Amino acid sequence: MLGVGGLARSGFLELRLLQRPARGVCSAVIHRKSPACVSWCAAPPPARHRLPVRMSSGVGGGDVAPNAAAAVPGASGWYGGLADSAPVHLVEHFLVGVQQGSGLPWWLSIVAATLSVRTLITLPLAAYQLVIISKVEALQVEISELAKRLRYEVSVRARERGWTEKQSRFQFQKNLRRLVAQLYVRDNCHPFKASVLVWVQVPLWVSLSLALRNLSLQESAVQCDLAAGGALWFRDLSSPDSTWILPLGVGLINLLLVELFSLQRQNPTRFQKLLLNFIRGFSVLMVPIAASVPSSLSLYWFLSSLIGFSHNLVLRSPAIHKLLKRPLPGSETPYRDLLSALVNKYRK
């Protein structure tokens, strides 16, 4: 998923529309080519398919349809505007550039693009998130001591000035918020900074998903390349995975990420339990959604979740904790302890 560690971290934006059935156009492997695709594939391909970055007005040329909203079936209204937006076209340009520059088949180009984005952008942000969270956790003892002293001072002042219980509670909460804010400024660890990962990862995930869907469904030479650019059981990246292997992989890895996150909460609140159950349900819902979109999308979702899971494990390493100057984990064998915790959780 988006990195469920942050907690699934939203990402529900386009899924209702992304699940519309992908057209089996231009499958050079197992489907009969449509007339439109034949006209694209029959012509001698240029040395490189250039994909100019198109603006939402649709101005542009090249080997892809000039307007994504018009070329992709079912794209209209706000979704059409989003699918035809400049950020999505920039991502299309990036994906085609990776494939053309590397000369790799499309499935391997998607692997390379996903790995580079998750490693160069989201992994450093995830490490930064860990640093902020560790600083906030380290302040909890100091905040608790401050709250005790403040409660005593407010009670003394309340007796002197005749405050009611409601007034005393208001003064306590107001001054505690001020003191806590000062501590956050002192240690440069406001909790909002820990959400930077979400604000970057969600738009990236949506833009990459929409870009791949545009490229997979537009009647263009790029779509023909995608139709012949798969491997193993997903030979046609422009059509859904009929075997459901990739969709099931997406659901299983996302569920595993949720369980890893749940192990970090020893005594979860009722809200946290409800949120975890909601994300578990959404992870299951992702399976039929991934089975109804082009294989290029389900491949990207599978890879993104798999890489996110790997990063989650890497960030648990004692060596990484030392590098980030975080408190070392309670055990020198975090991975063995993690496996034991998972096993014990489901033995009960």
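**Exercise 1. Aromatic pairs**

Find how many aromatic pairs a search of the whole structure gives, and describe how the rings of each pair are arranged.

*Solution.* Step 1: the search turns up 2 aromatic pairs. Keep in mind as you work that this is a predicted model.

Step 2: take Trp205 and Trp301. Their centres are 5.5 Å apart, with 20 degrees between the planes. Planes under 30 degrees apart count as stacked, so this pair is stacked.

Step 3: place the two residues. Trp205 belongs to helix α9 (residues 196-217) and Trp301 to helix α13, so the pair ties together parts that are 96 residues apart in sequence. Trp205 is buried at 5% relative accessibility, and Trp301 is buried at 1%.

Step 4: turn to Trp233 and Phe234. Here the ring centres lie 5.1 Å apart and the planes meet at 80 degrees, so the pair is edge-to-face. Trp233 is partly exposed at 35% relative accessibility, whereas Phe234, at 7%, is buried.

**Exercise 2. A salt bridge between two helices**

Work out which parts of the chain are tied together by the salt bridge of Glu142 and Arg186.

*Solution.* Step 1: recall the general idea. Side chains of opposite charge can pair when their charged atoms come close.

Step 2: check the distance. The closest N and O atoms of Glu142 and Arg186 are 3.0 Å apart, and the cut-off for a salt bridge is 4 Å.

Step 3: locate the partners. Glu142 sits in helix α7 (residues 140-161) and Arg186 in helix α8 (residues 165-187), so their salt bridge joins parts 44 residues apart in sequence.

Step 4: look around the pair. Glu142 and Arg186 are linked with Asp187 in a network of salt bridges. Glu142 itself is partly exposed, with 32% relative accessibility.

**Exercise 3. Salt bridges inside a helix**

The structure holds 5 salt bridges. For Glu160 with Arg157, and for Arg169 with Glu165, say about how many helical turns separate the partners.

*Solution.* Step 1: begin with Glu160 and Arg157, whose closest N and O atoms are 3.7 Å apart. Both residues are in helix α7, 3 residues apart, so about one helical turn separates them.

Step 2: compare their exposure. Glu160 is exposed at 60% relative accessibility, while Arg157 is partly exposed at 37%.

Step 3: move on to Arg169 and Glu165, which form a salt bridge of 3.7 Å from N to O. They are 4 residues apart in helix α8, so again the separation is about one helical turn.

Step 4: classify these two as well. Arg169 is partly exposed with a relative accessible area of 42%, and Glu165 is exposed with 64%.

**Exercise 4. An arginine in a loop**

Decide whether Arg316 is buried or exposed, and find its side-chain polar contact with Asn312.

*Solution.* Step 1: find the residue. Arg316 is in the loop between α13 (295-314) and α14 (318-323).

Step 2: apply the cut-off. Buried means under 20% relative accessible area; Arg316 has 19%, so Arg316 is buried.

Step 3: identify the contact. The side chains of Arg316 and Asn312 make a polar contact at 3.0 Å.

**Exercise 5. The whole protein**

Describe the protein's secondary structure, burial, contacts and surface.

*Solution.* Step 1: the secondary structure consists of 15 helices and 0 strands.

Step 2: of the 348 residues, 46% are buried.

Step 3: take the contacts between residues at least 6 apart in sequence; 73% of them join residues at least 24 apart.

Step 4: the exposed area is about 18000 Å², and carbon and sulfur atoms supply 63% of that area.

How values were computed. Residues numbered from 1 in each chain as written. Predicted model: local features only at pLDDT ≥ 70, side-chain atom pairs only at ≥ 80, totals over all residues. Heavy atoms only, no water. Buried < 20%, exposed > 50% of the residue type's maximum accessible area, 1.4 Å probe, protein only. Polar contact = N/O pair within 3.5 Å; in protein donor to acceptor, adjacent residues only side chain to side chain. Salt bridge = Lys/Arg side-chain N within 4 Å of Asp/Glu carboxyl O. Contact = heavy atoms within 4.5 Å. Areas by Shrake-Rupley, 256 points an atom, 1.4 Å probe, with all protein chains shown as cover. Phe/Tyr/Trp six-rings, centres within 6.5 Å; stacked < 30°, edge-to-face > 60°.
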